[in-house]
Amino acid sequence: MSRSQQRQGPIVRRHGQVQSTTTDQRLLESRGETGWVHTDPWRVLRIQAEFVDGFGTLADLGPAITVYGSARTKPGARYYDDAVRMGRALAEAGYATITGGGPGLMEAANRGAFEAGGTSVGLAIELPFEESMNEYVTLGINFRYFFVRKVMFMKYAQGFVAFPGGFGTLDELFEALTLVQTKKITSFPIVLYGRDYWTPMVTWLRETVSAEGCLSPADLDLFTITDDVDEAVAFLSAQSRKLRS
Ligand SMILES: C/C(=C\CNc1ncnc2c1ncn2[C@@H]1O[C@H](COP(=O)(O)O)[C@@H](O)[C@H]1O)CO
């Protein structure tokens, strides 16, 4: 290349436009003020990178069910054992299990999937208190951004199971319900696992929220409640098959 012409990717520079350094040199040598890495345009690139990693990693996942549930439930507790059985039954029915990759009921569902030889996905989130991904995840992604991670929960699942949980689980459950209600996702099966836990909430939804006109009675048909792992998996399989045909 002559000194009077310079190519920089798609750009051609000639004569007075020729620069004395190359793009690579400037990239490798640049020092100084670093505040720009904390600016929103830079964050947008990080957000894009998370979408790219998520889509790229999960594109070939195959049929999957997302399981939500408390990060605090310990091994040996009733719902922990049920979530292990759920992960196992989903694997036996040919589904990958997707969870938040954390402890508690996420770990339990991943554990069941792992022990049954199924695909056990953990979509973990960076939190202020460091929690590593549970050891039963076979395919894991660590996200910085909750909202990117939530897209992955929805996009790669054929249905959802909500085990008992707190704000995190309720947020995820109501997001799934809102997306189905507003037809942003086409009527995915949603299972509430644990009658004792969920029935008071459903009673409130019917007797207060719906009675006040804030929900239509049909919205209460967007989910089913069960205490039976096999019934949950049969419901998810039948509904997701019906929706695909
Ligand atoms: C609270 C503790 C650890 C938190 N670690 C988490 N790791 C991954 N995902 C999480 C974590 N905490 C919440 N989530 C998400 O919300 C749901 C559970 O929240 P809940 O408030 O406990 O119901 C779960 O489905 C995750 O997606 C210390 O043990």
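**Group meeting: the sheet, its helices and the ligand shell**

Good morning. I begin with a single pair of residues: Thr 97 has Ser 120, in strand 5, as its bridge partner. Please bear in mind throughout that this is a predicted model.

That pair leads us to two strands. Strand 4, residues 96-99, and strand 5 pair in the parallel sense, over 3 bridges. Two helices should be introduced at this point. Helix 3, residues 78-92, packs on the sheet and touches strand 3 (64-68), strand 4, strand 7 (159-162) and strand 8 (190-193). The direction of helix 3 makes about 175° with that of strand 3. Helix 4, residues 105-115, also packs on the sheet, where its contacts are strand 3, strand 4 and strand 5. For helix 4, the angle to the direction of strand 4 is about 160°.

Let me now turn to the sheet itself. In what order do the strands of the open sheet lie? The order is 6-5-4-3-7-8-9, which gives 7 strands with parallel pairing. Strand 6 (139-143) and strand 9 (224-226) stand at the edges; each has a single partner strand, so one side of each is left without a neighbour in the sheet. From one strand to the next, the twist averages 20°.

I come next to the ligand. Which residues come nearest to it? There are 20 residues around the ligand, and those that come nearest are Gly 100, Gly 102, Gly 165, Gly 166 and Gly 168. Strand 5 (120-125), with which I opened, supplies at least two residues of this shell, and so does helix 6 (167-181). Helix 6 gives the most, with 4 residues. By residue class, the shell divides into 8 nonpolar, 9 polar and 3 charged.

Finally, I shall consider the protein chain as a whole. The chain has 8 helices and 9 strands. Its radius of gyration is 23 Å, well over the 18 Å that the globule rule gives for 245 residues, so the chain is more spread out than a compact globule. Taken along the principal axes, the box filled by the C-alpha atoms is roughly 75 × 45 × 40 Å. Buried residues account for 34% of the 245 residues. Of the contacts between residues at least 6 apart in sequence, 67% join residues at least 24 apart.

To close, I return to the ligand: strand 5 pairs with strand 4, and strand 5 also supplies at least two residues of the ligand shell. Thank you for your attention.

Technical notes: Residues numbered from 1 in each chain as written. Predicted model: local features only at pLDDT ≥ 70, side-chain atom pairs only at ≥ 80, totals over all residues. Near = placed C-beta within 6 Å. Nonpolar A, V, L, I, M, F, W, Y, C, P; charged D, E, K, R; others polar. Rg over C-alpha atoms; globule rule 2.2 N^0.38 Å. Buried ≥ 20, exposed ≤ 12 C-beta atoms within 10 Å, placed from the backbone. Contact = placed C-beta atoms within 7 Å. Pairing = 2+ DSSP bridges. Axes fitted to C-alpha atoms, helices over the stretch in contact; angles between N-to-C directions.
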